[in-house]
Amino acid sequence: MSNSPLLSVSNLCVSFNTPDGVVQAVNDVSFDLFPGQTLGIVGESGSGKSVTASSLLRLNNSVTSTTTGSVQLEGRDVLTVDEPTMRSIRGQDIAMVFQDPLSALNPYYTVGDQIAEAYIIHHSSATKDDVRARVLEMLKKVGIPNPEKRIDEYPHQFSGGMRQRIVIAIALINSPRILIADEPTTALDVTVQAQILDLMLDLQRETGMAIILITHDLGVVAEVADSTLVMYGGRIVERATVSEIFATPTHPYSWGLLGAVGSLDTSTRGHLTTIPGTPPSLISLPTGCSFHPRCAYAKDTGSRCTTEVPELHKVSGTSSSSACHMSDAQLVSLGARGDTL
Amino acid sequence: MKQAALEAHNVIKYFPTGHSGILGRPTNEVKAVDGVSFSIAHGETLGVVGESGCGKSTLARVVTRLIDATSGEILMDGESISHLSGKSLRIARRKLQMIFQDPYASLNPRHSVGQIISSPLSVQGISPPQGVKARVQELMELVGLNPEHYNRYPHEFSGGQRQRIGIARALVLEPTVLVADEPVSALDVSIQAQILNLLETLQAELGLTYMFIAHDLSVVRHIADNVAVMYLGKIVEMGSAQSVYTQPGHPYTSALLSAVPVADPTRRGRDGRIRLEGDVPSPIDPPSGCRFRTRCWKATDLCASTEPLLADQGNGHLVACHFPMETPVTLGNTQP
C-alpha cells in the first residue's frame with residue numbers, strides 16, 4: 001500500500017430535505033482510501049453508509065440534498081467538478097456495484113449490450129468488434145460459463161449470482177481504480193456470496209483497485225476487508241484495522257454489534273447480548289452522542305454524553321480511532337475484555 | 001418416546017407449471033417439497049436451513065395448512081390435520097400459528113395494533129375472560145411492547161417492534177406450536193438478537209414448540225435443538241444442532257457451513273475451505289439420483305443412478321449421502 005491516498009474524504013456532510021424535516025444522513029465523515037485497499041463500512045440501516053457511498057459518485061439528488069465537505073480524487077474535488085468531468089469519473093475512476101442485481105439490470109436489453117454500453121460511453125471510437133471482444137473478455141473474467149452464447153441472453157435467463165457477476169463486469173469493464181460495492185452479496189445465498197466475494201478479491205489482486213465494501217455483515221468484513229469504518233447515526237464512531245475491530249473494539253456500539261452476531265461456534269444456547277432500543281431517527285438525532293440512549297456506559301461519563309458530540313480521536317495504545325467520551329484506557333480495557341453491552 | 005408436538009410424514013408438494021393446448025393443462029411440475037418427514041418433540045425447536053429455492057418456505061406453508069400438500073400427512077400431537085377442513089381445521093389452527101418473514105408486509109397498515117393482535121380471537125370467535133383489550137395488552141407487555149400503544153398503527157413502529165406485533169398475534173390463541181418463517185432476516189443485526197432472545201424467553205415461559213426456518217446458519221445454531229438441512233425439496237441431513245454443526249455428514253452441509261463468513265479475521269484464508277460451483281439446479285427437472293451430485297466434488301456414477309436415502313449415522317444423526325464426510329469438519333471449516 002502506498003502512502004498517498006487515492007481518495008480522500010474530509011468532513012463530508014449530506015442532508016436531505018423531506019416533508020418531515022431535514023434528514024442529516026451523513027455527518028462529518030472523513031477517511032482516506034489507498035490503492036489496493038479494501039475498506040469495509042459497517043452499520044445498520046439508516047446509519048448513512050449507502051449515502052456516503054453515493055456521495056462519492058455524486059449520485060444524490062442535487063435539488064433535495066445538500067452535500068458539503070470535500071472528496072479529493074487525485075487533486076480533483078469530486079463534489080465540485082463540472083458535470084462532464086464527473087461523467088468521466090463515474091465508471092472510469094470510480095465504479096459501483098449495487099445490492100440487488102435484478103433491479104440493477106435492464107430486462108429489455110441483452111447482458112452483452114448492457115456491458116458494452118458502459119464501455120462505449122468511455123471509448124466512443126471503439127469498433128463494434130473491439131467492443132464485443134472486450135465484453136467477452138469481461139464475461140470470462142467474472143466467471144460466466146459459455147460466454148459466446150450467454151452474451152446475447154437477457155437478465156431473466158441468469159440466476160442471482162450470475163446476474164451479480166454481470167453487474168460486476170459492467171462496473172469493471174473500464175478498469176476503475178475504485179470499486180464501491182453497496183451490499184453486493186446481501187441478496188444472495190451464502191454459497192453464492194462466497195463465490196462473489198472470492199471473485200471480487202481475485203479481480204482486486206489482478207488490477208490493484210481499491211474497494212469500498214458496504215455491508216451490515218461483520219462476517220463479510222472479517223473475511224475480506226483490510227480496515228473498517230463503523231457508522232452510527234450518520235457519523236463514524238470507530239475506525240480501525242480489521243484485526244483490531246475484532247480483537248479490541250474501542251466503541252460501545254462496536255461491542256454491542258459484535259455481541260449481537262451469533263456465531264457458528266457458540267455451542268451454548270442462551271441469550272445473545274443485544275443493544276437495547278432501536279437505531280435513532282435521522283430527523284431528530286439524540287443530542288450529544290447519538291448512541292447515548294442505547295449505551296450502557298453513558299451514565300459513567302456524566303452529562304457529557306447527552307450534551308457534547310464526541311470527536312473521533314485516536315485511542316492511545318491502539319491504532320484505532322473512536323468517538324466516545326470514555327477515557328482511552330477505559331475503552332482499551334473494556335474492548336480487550338470483550339465486554340459487551 | 002415422547003409424543004411429538006408436530007410431525008410430517010413424507011410430505012410432497014408439487015406446483016403445476018407450464019401450459020399447453022386449449023385446456024391449458026400443466027405440462028410440468030415444480031417439485032418444491034419432495035418427500036419430507038420430521039418430528040418435533042414438545043418444547044423443542046427444529047431449525048430448517050437451506051438456500052433460496054430449497055423448499056423451506058413451502059414446507060412451512062404446507063405444515064400450517066396454508067397450502068395443501070400434494071400428498072403426505074401432517075400430525076399434531078399424534079392426530080392428523082391433513083384432512084381437516086372448515087371448522088375442525090380452524091380449531092386445529094388454534095394450536096398451530098405462524099410468524100412471517102416481512103414485518104412490513106404481514107401487518108395490515110389500516111388496522112391498529114389492537115385490531116391486528118385481536119383478529120385471531122374474532123376469527124375464532126373466542127372472547128377471553130378478561131376482555132379482548134386486556135388480553136391484547138397482556139400480550140403486548142409479554143412481547144415487550146408498550147400496552148399504551150394499543151391504538152397505534154403499524155407505520156408508527158420500527159421493524160423490530162412490528163415483528164413483536166406479529167409474534168403477539170401468533171400467541172393470542174395460546175398455541176403450542178409456532179412455525180416461524182425467517183422471522184429475523186428482514187431485521188438489523190442488533191434487532192435480530194432482541195427478537196431471538198424474545199423467542200427463547202417465550203419458549204421457556206410458555207413451553208412452545210418451534211419450527212424455525214432460516215437461511216442464516218448462525219441464527220439457527222443459536223436457537224435450534226435439532227437442525228434439518230434442505231436441498232432442492234429434500235432433507236439431506238438432520239440431527240441435533242451440535243452434531244450437524246460440528247460433524248456434518250453431507251457434503252452440502254459442509255459446503256454451506258464453510259461458506260458462512262466467520263467474524264474472525266485471524267481465521268481468514270483458512271485451508272480446507274469448500275467452494276461450491278454454480279447454482280442450485282431447477283426444481284422442475286432435478287438431477288437424477290442424488291440431487292446435489294451436480295455440484296458435489298465427491299459424486300460418482302452411483303450418485304447419478306441411485307438416490308441416497310436418509311440413513312442414521314449414529315445417535316439419530318441422519319444423512320442422505322452415499323459417501324458421507326468422514327473426518328469431522330470443524331466449524332467455519334477450519335484447519336487451525
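## A briefing on chains A and B

In chain A, helix α6 (residues 160–172) and helix α7 (residues 190–207) have axes that come within 10 Å of each other and cross at roughly 20°. Please keep in mind as you look around that this is a predicted model. Below you will find this helix pair, then the contact with chain B, the domains of chain A and an open sheet.

**The α6–α7 pair**

- Angles under 35 degrees count as roughly parallel, and α6(A) and α7(A) are therefore roughly parallel to each other.
- The crossing of α6(A) past α7(A) is right-handed.
- On the α6(A) side, the contact is made by Gly160(A), Gly161(A), Gln164(A), Arg165(A), Ile168(A) and Leu172(A).
- Facing them from α7(A) are Val192(A), Gln195(A), Ile196(A), Leu199(A), Met200(A) and Leu203(A).
- By residue class, the contact of α6(A) with α7(A) holds 7 nonpolar, 4 polar and 1 charged.

**Where chain A meets chain B**

- Contacts between the two chains involve 40 residues of chain A and 39 residues of chain B.
- On the chain A side, at least two residues each come from α7, α8 (218–224), α9 (242–247) and α10 (252–260).
- Helix α7(A), already met as the partner of α6(A), gives the most to this side, with 7 residues.
- The side of chain A that touches chain B is made up of 15 nonpolar, 18 polar and 7 charged residues.

**Two domains in chain A**

- The domain assignment splits off domain 1 (7–225) and domain 2 (252–260 + 279–336) in chain A.
- Between the C-alpha centres of these two domains of chain A there are 31 Å.
- Their contact joins 9 residues of domain 1 to 6 residues of domain 2 in chain A.
- Strand β2 (residues 21–33) of chain A gives the most to the domain 1 side of that contact, with 4 residues.
- That domain 1 side divides into 3 nonpolar, 4 polar and 2 charged residues.

**An open sheet and its helix**

- Four strands of chain A, in the order β2-β1-β4-β5, form an open sheet with antiparallel pairing.
- At the edges of the sheet, β2 and β5 (76–77) of chain A each have a single partner strand, so one side of each is left without a neighbour in the sheet.
- Further in, strand β1 (residues 7–18) and strand β4 (residues 65–73) of chain A pair in the antiparallel sense over 8 bridges.
- If you would like a pair to look up, Ser15(A) has Thr66(A) in β4(A) as its bridge partner.
- Helix α1 (residues 49–56) of chain A lies across β1, β2 and β4 of chain A, and runs at about 70° to β2(A).

How values were computed:
Residues are numbered from 1 along each chain as its sequence is written. Chains are lettered from A and ligands numbered from 1 in the order in which they are written. This is a predicted model: local features need pLDDT of at least 70, side-chain atom pairs count only at pLDDT 80 or more; totals for chains, interfaces and linings use all residues. Axes are lines fitted to C-alpha atoms, for helices over the stretch in contact, and angles run from 0 to 180 degrees between N-to-C directions. Angles under 35 degrees count as roughly parallel, over 145 as roughly antiparallel, 65 to 115 as roughly perpendicular and the rest as oblique. A crossing is left-handed if the near helix is turned anticlockwise from the far one by less than a right angle, and right-handed if clockwise. Two residues are in contact if their C-beta atoms, placed from the backbone, lie within 7 Å. Ala, Val, Leu, Ile, Met, Phe, Trp, Tyr, Cys and Pro count as nonpolar, Asp, Glu, Lys and Arg as charged, and the others, Gly among them, as polar. Domain bounds come from an automatic or database domain assignment. Two strands pair if DSSP finds at least two bridges between them.
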